[in-house]
Amino acid sequence: MLVASAQIMLQANAEARGGLFLFGFIDPSYLDDPWPSGIPAQVHGMADDPYMAEGDWAAEAIAAQHANLEIFRYPGTAHLFADTSSPDHDEAATAQLLERAEAFLARL
């Protein structure tokens, strides 16, 4: 649900500087506003996460049209892999996600 709020804000706010989406992505056509051209964004999820199966990997279609959208898939099936309180937590994938997210945020 948090991904939906973040993505709605990114797509509706002309002043948005970037988007960082963890564990999800919504097909932008489901939302009222179009995907913002030229705005950098990242999507992070596990390659075989069943929750990432449908609309979340719609990011691929957007990335094909917008070079500023990066997609990172980590090996595994867990959903909340970066949440240390979750049984899905994956330390190695979390470390890589944090490194990529920090570099992304530093570029904004």
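Start by selecting Phe81, which counts as buried at 0% relative accessibility (buried means under 20% relative accessible area, exposed over 50% and partly exposed in between, with a 1.4 Å probe and protein chains only). Now add Tyr74: the two ring centres are 5.2 Å apart and the planes meet at 45°, so this pair is tilted. Rings of Phe, Tyr and Trp (its six-membered ring) pair if their centres lie within 6.5 Å, and planes under 30 degrees apart count as stacked, over 60 as edge-to-face and the rest as tilted. Like Phe81, Tyr74 is buried.

A word on what is on your screen: this is a predicted model, in which local features need pLDDT of at least 70, side-chain atom pairs count only at pLDDT 80 or more, and totals for chains, interfaces and linings use all residues. Residues are numbered from 1 along each chain as its sequence is written, and side-chain values use heavy atoms, with hydrogens and water left out.

Next, how many aromatic pairs does a search of the whole structure find? The count is 5. One of them joins Phe23 and Phe81 edge-to-face, at 5.4 Å centre to centre with 85° between the planes. This pair links distant parts of the chain, 58 residues apart: Phe23 sits in the loop between S1 and S2, and Phe81 in the loop between strand S3 (69-74) and helix H3 (91-107). Helices (H or I, at least four residues) and strands (E, at least two) are DSSP runs, numbered from the N terminus.

Stay on Phe23 and look at its backbone. The flanking strands are S1 (19-22) and S2 (41-46), and phi of Phe23 is near 70°, a positive value in a residue other than glycine. Most residues other than glycine have a negative phi. Is Phe23 buried or exposed? Phe23 is buried, with a relative accessible area of 16%.

While you have aromatic side chains displayed, select Phe21, Phe25 and Trp35, which form one aromatic cluster.

Now switch to cartoon view for the sheet. Its 3 strands run in the order S1-S2-S3, forming an open sheet with parallel pairing; two strands pair if DSSP finds at least two bridges between them. S1 and S3 are the edge strands, each pairing on one side only. From one strand to the next, the twist averages 10°. Between S2 and S3 the parallel pairing covers 6 bridges. To see a cross-strand position, pick Gln42, which stands opposite Glu70 in S3.

Finish with H3, which lies across S1, S2 and S3 and runs at about 175° to S2. Axes are lines fitted to C-alpha atoms, for helices over the stretch in contact (heavy atoms within 4.5 Å), and angles run from 0 to 180 degrees between N-to-C directions.
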